[in-house]
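User: I've got this model open and I want to know what stands behind the labels people put on it. Can you take me through them?

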Amino acid sequence: MKRIQGVCAGILLLVTSSLAGAGEARQAPARRIAVADLQAPAAAPWLGAAVADAVIGKLAGAEGLILLERHEVALLLARAGVKADAQAIPDTLADTPAGKLLGCNALVVGSVQVNGPLDAEATPVRVTAKLVGATSGAVPQAGSVVLDGTVGMLFDLETRLADAVGAGLGCEVPRMQLEAREEVSLAAHQLLSEGMVLLAEGEA
């Protein structure tokens, strides 16, 4: 009887170990994601960096993603000879010299258009972004997204953009992370973005 119990225990241990190993094998490796500064109006050059920072912050809560620092992304793009232009960049950089040089799995580029004064909440705003794969299979649903709103809806546009990028990458961004809003005003958003730019320049 003791021998039978020992055999059963051994089989149970083997099955448990096999299941655990299978679970580890199914776990996909973390993907490195680059979010470039969005192109912005000449009157508000900080705006593109502000939106990029917000998207990075919201995606940081998604499992399996490693978000690169903005200044690191700028260096990678320059090294790869890639212009962060959603209109000019191809739908994928996978298996291209630029894609290999970027050192990341996926890239987000885009622009922010403001049709009027930034100090008026009703001023129309359009955020355009493109998600492209820098390596094969990195982006299940690559493509472009166009979001329309107003200056007063800028924080909501950032949330919708982060949600769209997460969906394109095939990962779920925690709702609490998506809806987190650290800045209390557009002016605070500007100050934070400009401060981050100065900090990055100081580290360069």
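User: What makes L107 and V132 in β4 a facing pair?

Analyst: L107 stands opposite V132 in β4, and that spot belongs to the antiparallel pairing of β3 with strand β4 (residues 124-133), which runs over 9 bridges. Two strands count as paired if DSSP finds at least two bridges between them, so with 9 bridges β3 and β4 qualify. Strands here are DSSP runs of E, at least two residues, while helices are runs of H or I, at least four residues, both numbered from the N terminus. By the way, this is a predicted model: local features need pLDDT of at least 70, side-chain atom pairs count only at pLDDT 80 or more, and totals for chains, interfaces and linings use all residues. Residues are numbered from 1 along each chain as its sequence is written, and side-chain values use heavy atoms, with hydrogens and water left out.

User: What is the bridge partner of A34 in β3?

Analyst: L107 again. Strand β1 (residues 31-35) runs parallel to β3, joined by 3 bridges. β1 also has 3 bridges to β2, parallel too, where R31 partners L65.

User: Why is the sheet called open and mixed?

Analyst: The order of its 5 strands is β2-β1-β3-β4-β5, and the pairing is mixed. The ends are β2 (65-67) and β5 (143-150), edge strands that each pair on one side only. On average, neighbouring strands are turned by 25° against each other, direction ignored; the axes are lines fitted to C-alpha atoms, for helices over the stretch in contact, with angles from 0 to 180 degrees between N-to-C directions.

User: Why is strand β3 called largely enclosed?

Analyst: Buried means under 20% relative accessible area, exposed over 50%, partly exposed in between (1.4 Å probe, protein chains only). In β3 (residues 106-114), 8 of the 9 residues are buried, so the rest of the structure largely encloses this strand. Across the protein, buried residues make up 41% of the 204 residues.

User: How do you know that the buried residues of helix α3 line one face?

Analyst: In α3 (residues 70-80), R70, V73, L76, L77 and A80 are buried. Viewed down the axis of α3, they fall within an arc of 115°, so they line one face of the helix; the arc is that of the directions from the helix axis to the C-beta atoms. An α-helix has 3.6 residues a turn, so residues three or four places apart point the same way. The other side of α3 has L75, A78 and R79 exposed. Just after α3, G81 takes a positive phi of about 70°.

User: What makes the largest nonpolar core a core, and which residues touch the most other members?

Analyst: A nonpolar core is a set of buried Ala, Val, Leu, Ile, Met, Phe, Trp, Tyr and Cys residues joined through side-chain atoms within 4.5 Å. The largest one has 36 residues, and V112, V127, L161 and L169 touch the most other members. β1, α2 (46-59), β2, β3, β4, β5 and α5 (154-169) each supply at least two residues, with the largest share, 8 residues, coming from α2. A second, separate core of 19 residues includes I89, L93, V132 and A134.

User: Which residues is L169 in contact with, leaving aside its neighbours within four places in sequence?

Analyst: R31, I33, L65, A106, L131, A138, V139 and P140. Contact means heavy atoms within 4.5 Å.
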